[in-house]
Amino acid sequence: MPELPEVEVTRRCIAPFLVGRRIAEVRTTSNSYFFLTRPEQLRRGLTGRTVVRLVRRGKYLVAELDDHQRLLLHLGMTGQLFADGASSVRLMSATARAALSPEEQMQFQPDRHTHVQIGFDDAGQRVFFRDVRKFGKIRLLKPDQSDPRLDKLGVDALEASSEHLYEGTRGRKLAIKTLLLSQSIVAGIGNIYADEALFGAGIRPSKRAGRLTRPDCQRILEAAKAVMLRSIEMGGSSISDFVAPDGSDGAYQDERHVYARTGEPCTVCDTPIKRSVLGARASHFCPSCQH
């Protein structure tokens, strides 16, 4: 699932294709749970509007429009937001790839998984929102309308302080990994970067949040910011479906220390990486480096 770094990479890359452009046409697939705003309402509400700003809130993107409406975008597990001209084998299904030559595989054509197509009055490149599994979401918010998904978010992980994390852990019996994934204290950290941050901090994912000290919280936040900023620099992690809006893959997955490396040697001490399950989510850690 795209996490803060992948969403930030998407924001930076897609913003030039959205901001300052007037929407002339919106095409959608039929109504499904992907659409929090019904397709016909989405088409009507977006047509004629200009995107004035694109911001990120945790793992969400919010496009602010010239009439003060906001377009909420969430990539979910397999969502892909990109522009005309992007080429990647990740932008088509395995079935489609098998039927095409290598040259044709790199030429994206909207398919049944391309749920939103946005055209602009300058006749320039269109923007697509594609999602095979439909766990992504799109919603048009009226001026001053709130959304529970945004309302529940904690402080952005890149802006949170160690004191904020420390206060948020007081009296909490759940594992620190579970707390980080909840998004209610700090927003944007998912499975990959929680595992990597806790490895960097030397703390096991299963450690009870309420037992963390201030120095523990400082190490966790410092490590989380470091790995996420490095991932943004590397274009995110393209472990599965993530692809940047220009069609390029991220490269941070090549620098992972623990995530999805079960049984492989720790990059620090050579101890085999272990896997456990916390709150139905897999966690990876080094039993020697993390306590």
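## A kinked helix on a four-stranded sheet

In helix 1, shortly before the proline Pro 16, there is a kink of about 30 degrees at Arg 12; the bend at a residue is the angle between axes fitted to the seven residues ending there and the seven starting there. This is a predicted model, where local features need pLDDT of at least 70, side-chain atom pairs count only at pLDDT 80 or more, and totals for chains, interfaces and linings use all residues. Residues are numbered from 1 along each chain as its sequence is written, and side-chain values use heavy atoms, without hydrogens and water.

Helix 1 covers residues 4-18 and reaches 20 Å from its first C-alpha to its last, close to the 21 Å expected at 1.5 Å a residue. Its buried residues (under 20% relative accessible area, 1.4 Å probe, protein chains only) include Val 7, Val 9, Ile 14 and Leu 18. Just after the helix, Gly 20 has a positive phi of about 85 degrees.

Now for the sheet. Four strands form an open sheet in the order 2-3-4-8, with antiparallel pairing. Strand 2 and strand 8 are the edges, each pairing on one side only. Strands pair if DSSP finds at least two bridges between them; six join strand 2 to strand 3, and Arg 56 has Leu 61 as its bridge partner in strand 3.

Two helices meet these strands, with angles that run from 0 to 180 degrees between N-to-C directions and contact meaning heavy atoms within 4.5 Å.

| Helix | Strands met | Angle |
|---|---|---|
| Helix 1 | lies across strand 2 and strand 3 | about 175 degrees to strand 2 |
| Helix 2 (residues 39-46) | touches strand 3, strand 4 and strand 8 | about 50 degrees with strand 8 |

Technical notes. Helix = DSSP H or I, 4+ residues; strand = E, 2+ residues; numbered from the N terminus. Expected span 1.5 Å × (residues − 1). Buried < 20%, exposed > 50% of the residue type's maximum accessible area, 1.4 Å probe, protein only.
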